[in-house]
Amino acid sequence: MAKRHNSHIPMSDALGEFIKENKLQKGMDRVNAKDAWVKLMGNGVNNYTTAVELRNETLFVSLSSSVLREELSLGKTKIIAMLNEELGKELVKKIVLR
């Protein structure tokens, strides 16, 4: 168990330290990637999105519309750049649309 500090620290620093000590960064990255997809793609795309999962720097996105899947596949590099910019780090290297 982490020892208690008597000095006051900001909540963001305390949470960051907790995440680091408990090795939760991969899980946080998965959640953040999904949230970034929802935020960046908007309601039109999210209505047809059935699942978003980050595994080993690859974002797997399941879509219920084949037309939308084809349309998004044309702009994969731009989507990757937008997602990484939103996340603040190079987290997504590849997108698989299924």
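Which residues in H4 are buried? Keep that question in mind and begin the tour with this helix; the model on screen is a predicted one.

**Stop 1: helix H4**

Select residues 76–87, which form helix H4. H4 has 12 residues, and the distance from its first C-alpha to its last is 16 Å, close to the 16 Å expected at 1.5 Å a residue. Now show the side chains of Ile79, Ile80, Leu83, Asn84 and Leu87: these are the buried residues of H4. They sit on the same side of H4, because they cover an arc of only 130 degrees around the axis. An α-helix has 3.6 residues a turn, so residues three or four places apart point the same way.

Turn the helix around and select Thr77, Lys78 and Glu85, which are exposed on the other side of H4. To see what lies against the buried residues of H4, add H2, S2, H3 and S3, the elements they pack against. Before leaving, select Gly88, just after H4, where phi is positive at about 85 degrees.

**Stop 2: helix H2**

Next select residues 25–46, helix H2. How far does H2 span between its end C-alpha atoms? The span is only 25 Å, whereas a straight helix of 22 residues would span 32 Å at 1.5 Å a residue. Centre the view on Leu40 to find a kink of about 70 degrees in H2.

Colour the buried residues of H2, which are Asp29, Ala33, Ala36, Trp37, Met41, Val45 and Asn46. Their cover includes strand S1 (49–55), strand S2 (58–63), helix H3 (66–73) and helix H4 (76–87).

**Stop 3: the largest nonpolar core**

Stay with Trp37 and add Leu59, Leu72 and Ile95. The largest nonpolar core has 20 residues, and these four touch the most other members. Which elements give two or more residues to this core? They are H2, S1, S2, H3, H4 and strand S3, which runs over residues 94–97. H2 provides the largest share of the core, with five residues. In soluble globular proteins, nonpolar side chains tend to be buried together.

Select Trp37 alone and display its surroundings. Leaving aside neighbours within four places in sequence, Trp37 is in contact with Val45, Asn46, Thr49, Val52, Leu59, Val61, Leu72, Ile79 and Leu83. Two of these partners, Ile79 and Leu83, are among the buried residues of H4 seen at the start.

**Stop 4: Thr49 and Ser62**

One of the partners of Trp37 is Thr49, which is found in strand S1. Is Thr49 buried or exposed? Its relative accessible area is 17%, so Thr49 counts as buried. Draw the polar contact between the side chain of Thr49 and the side chain of Trp37, at 3.5 Å. Then draw a second line, from a polar atom of the Thr49 side chain to the backbone oxygen of Val45, 2.9 Å away. Leaving aside neighbours within four places in sequence, Thr49 is in contact with Trp37, Val61, Ser62 and Leu63. For a sense of scale, select Leu68 too: Thr49 and Leu68 are 19 residues apart along the chain, and their C-alpha atoms are separated by 9.7 Å.

Move on to Ser62, which is found in strand S2. Ser62 counts as buried because its relative accessibility is 18%, and the cut-off for buried is under 20%. Not counting residues up to four places away in sequence, Ser62 touches Tyr48, Thr49, Thr50, Ala51 and Arg98.

**Stop 5: the loop between S1 and S2**

Select Asn56, in the loop between S1 and S2. Phi of Asn56 is near 50 degrees, a positive value in a residue other than glycine. With a relative accessible area of 72%, Asn56 is exposed. Glu57 has its place in the loop between S1 and S2 as well. Phi of Glu57 is also positive, near 65 degrees, in a residue other than glycine. At 42% relative accessibility, Glu57 counts as partly exposed.

**Stop 6: Val67**

Finish at Val67, which lies in helix H3. Is Val67 buried or exposed? Val67 is exposed, with a relative accessible area of 63%. Select Met28 together with Val67: the two are 39 residues apart along the chain, and their C-alpha atoms are separated by 31 Å.

Conventions: Residues numbered from 1 in each chain as written. Predicted model: local features only at pLDDT ≥ 70, side-chain atom pairs only at ≥ 80, totals over all residues. Heavy atoms only, no water. Helix = DSSP H or I, 4+ residues; strand = E, 2+ residues; numbered from the N terminus. Expected span 1.5 Å × (residues − 1). Bend = angle between axes of the 7 residues up to and from the residue. Buried < 20%, exposed > 50% of the residue type's maximum accessible area, 1.4 Å probe, protein only. Contact = heavy atoms within 4.5 Å. Core = buried A, V, L, I, M, F, W, Y, C linked by side-chain atoms within 4.5 Å. Polar contact = N/O pair within 3.5 Å; in protein donor to acceptor, adjacent residues only side chain to side chain. Arc of directions from axis to C-beta.
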